[in-house]
Amino acid sequence: MKKVQFRSFIVLIISGVLIFGLIIYLCRYISQGDSWVSFPVNKHMYTNGVLTSGEIYDVNGVRLAGMDGDKRVYAEKKAVRVATLHAVGDKSGNISTAAQTKFSYLLTDYSLINGAYSLTGRGNSLYLTLDSSLCVTAYDALDGRNGTVALYNYKTGDILCMVSTPSFDPANPPKIGDGSGKYVGVYMNRFLSTAYTPGSVFKLVTSAAAIENIDNLGEWKFKCTGKYTIDGKVITCTEKHGTQDIYASLANSCNGAFAKLSQELGAAAISKYAKRAGLTQPLSFNGIDCASGSIRTDASSADLAWAAIGQDKDLVNPAAMLTFVGGIANGGVAVKPNLIAEVRTPLGLPMLRRFRSDGDRMFKKSTADELAKMMRNNVEENYGEERFKGMKLCAKSGTAELDDGTDHAWFVGFSQREDFPVAFVVVVEHGGSGNSVAGGIAGTVLTKAMGEL
Ligand SMILES: [Zn+2]
């Protein structure tokens with residue numbers, strides 16, 4: 001009798017484990033079935049590594065990718081195809097962060113009831129937040145130079161423009177390894193997957209730390225003689241800026257002033273504010289993991305000064321930078337970017353999923369507002385209000401010095417207009433002056449964007 005009881009008990013345990021496993025499987029099937037079915041080994045869904053289902057549109061309904069029979073086709077106009085390549089993807093699935101690859105689980109019209117079988121054979125329609133005509137303007141403004149331009153709504157997170165160069169026409173892909181070096185890193189979306197030396201745009205982080213940690217910052221003064229010496233090492237400035245307050249120091253981008261601030265603040269504060277600005281951990285949105293930035297704060301005092309200026313070993317990802325300046329614009333709350341406006345099933349019904357995310361507080365509102373005032377002053381006193389007419393623009397330029405003697409040009413900022421809550425980032429690799437080169441591109445794209453809103 002005891003033996004029977006023991007065996008029944010074992011059977012009961014095995015059944016329990018089995019049922020428990022089944023429940024877990026079912027839960028995962030319901031929550032992750034769309035990801036399983038869009039896995040690239042699924043022969044029903046892919047031909048030569050490219051998903052053969054679903055349509056991709058921009059926010060205005062311009063078709064960016066779709067199916068022509070069993071063939072993947074792209075936008076009608078070549079300029080649109082080239083400017084949206086990194087957002088949409090190519091025929092061979094080489095761009096890992098592109099919608100075609102990253103959002104493949106939304107492009108199949110997989111359902112729990114029908115499985116991978118498509119009733120219409122069309123798949124879902126994915127509407128991106130991008131305005132493809134704005135992407136074309138940005139691509140043209142980059143004018144053959146490598147880099148990235150992105151604009152986003154700092155209240156909702158929606159990305160309006162995201163361009164990475166070099167690019168190519170996905171309808172007629174070129175031979176990438178043609179020996180010219182023209183297509184180096186072409187499959188990488190520079191906005192998402194690169195980290196560049198930031199140069200003076202990083203002074204915004206040092207400024208945030210100064211606002212919250214230096215008493216009477218309004219009374220703070222620095223006399224620039226063109227160089228500032230720390231432990232026998234010289235921090236050079238572009239010119240003798242003379243005596244300046246914190247506002248003038250940022251507007252003139254005075255290296256000496258920020259070197260002095262770094263010594264008053266210390267390594268721990270610089271490191272803490274870079275982290276709070278979201279620049280030293282990878283930004284992640286819509287399931288896309290961006291490149292991580294980094295700064296070195298455990299070296300010498302002179303190295304710390306260069307780190308606070310945005311040089312030394314500093315690296316910053318453009319998407320993280322955009323989110324940081326968006327956070328300044330949004331009163332200290334940084335809203336993560338978002339690329340997905342909506343998804344519609346083949347029957348035209350919207351998919352009930354939430355793609356936008358709430359913001360996270362980086363700094364106190366008063367800190368963000370003070371930073372915004374300083375960035376507004378940069379435009380009024382240095383960059384030129386007439387270049388950004390009517391935009392209420394707040395900005396910071398960066399001319400990041402590289403070991404090869406060239407400079408990456410950066411220009412970042414936002415509009416303070418209630419009806420135009422847009423932040424932007426422009427990076428031109430080896431582009432020269434941040435203010436004139438990257439600032440010029442920002443002006444062109446922002447003018448077009450404001451005209452459309
Ligand atoms: Zn100076």
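This passage walks through the zinc site, the largest pocket, some salt bridges and one enclosed helix of a predicted model.

The zinc ion is a good place to start. Four side chains hold it: C224, C237 and C254 each bring their SG atom, while H241 uses ND1, and the coordinating distances run from 2.1 to 2.3 Å. The angles among these four donor atoms fall at 104 to 113°, and the site is tetrahedral. Along the chain, the donors of the zinc ion are spaced as C-x12-C-x3-H-x12-C. The outer two cysteines sit in separate parts of the fold: C224 belongs to strand β9 (residues 222-224), whereas C254 lies in the loop between α9 (246-251) and α10 (255-265), so this pair ties together parts 30 residues apart in sequence. Both cysteines are tucked away from solvent. C224 has a relative accessible area of 5%, and because the cut-off for buried is under 20%, C224 counts as buried. C254 is buried too, at 0% relative accessibility.

Next comes the largest pocket, which holds about 400 Å³ of space. Its lining is made up of 24 residues, and those closest to the centre of the pocket are S200, T238, N252, S253 and T399. Three elements each give two or more residues to this lining, namely α14 (365-383), β18 (393-401) and α15 (434-452). Strand β18 is the biggest giver, with five residues. As for the chemistry of the lining, polar residues account for 15, against five charged and four nonpolar ones.

Turning to charged pairs, the model has 15 salt bridges. One of them joins D169 to R81, with the closest N and O atoms 2.7 Å apart. D169 sits in the loop between β8 (159-165) and α7 (190-193), and R81 in helix α2 (residues 78-83), so the contact ties together parts that are 88 residues apart in sequence. Are the two partners buried or exposed? D169 is buried at 7% relative accessibility, and R81 is buried as well, at 12%.

A second salt bridge brings together the side chains of R276 and E212, at 3.2 Å from N to O. This pair also links distant parts of the chain, with R276 in helix α11 (residues 267-276) and E212 in helix α8 (residues 203-213), 64 residues apart. R276 is partly exposed, at 30% relative accessibility.

The side chains of R296 and D303 meet in another salt bridge, at 3.4 Å from N to O. Here the partners fall into separate classes: R296 is partly exposed, with a relative accessible area of 27%, while D303 is buried at 18%. The contact is part of a wider arrangement, as salt bridges with shared partners join R296, D303 and D312 into one network.

Helix α8, which carries E212, deserves a closer look. Nine of its 11 residues are buried, so α8 is largely enclosed by the rest of the structure. The buried residues of α8 are K203, L204, V205, T206, S207, A208, A209, A210 and I211.

Terms used: Residues are numbered from 1 along each chain as its sequence is written. This is a predicted model: local features need pLDDT of at least 70, side-chain atom pairs count only at pLDDT 80 or more; totals for chains, interfaces and linings use all residues. Side-chain values use heavy atoms; hydrogens and water are left out. Donors are N, O and S atoms within 2.8 Å of the metal (3.2 Å for Na, K and Ca); water is not among the atoms, so sites may look incomplete. Four donors count as tetrahedral if all angles lie between 85 and 135 degrees; four count as square planar and six as octahedral if opposite donors are over 155 degrees apart and all others between 65 and 115; anything else is irregular. Helices (H or I, at least four residues) and strands (E, at least two) are DSSP runs, numbered from the N terminus. Buried means under 20% relative accessible area, exposed over 50%, partly exposed in between (1.4 Å probe, protein chains only). On a 1 Å grid over the protein atoms alone, a cavity is a set of points where a 1.4 Å probe fits but cannot get out, and a pocket is an open set with protein on both sides within 12 Å along at least five of seven lines; lining residues have an atom within 4 Å of a point. Grid points are joined across faces, edges and corners, and a volume is the space filled by probe spheres set on the points. Ala, Val, Leu, Ile, Met, Phe, Trp, Tyr, Cys and Pro count as nonpolar, Asp, Glu, Lys and Arg as charged, and the others, Gly among them, as polar. A salt bridge is a side-chain nitrogen of Lys or Arg within 4 Å of a carboxyl oxygen of Asp or Glu.
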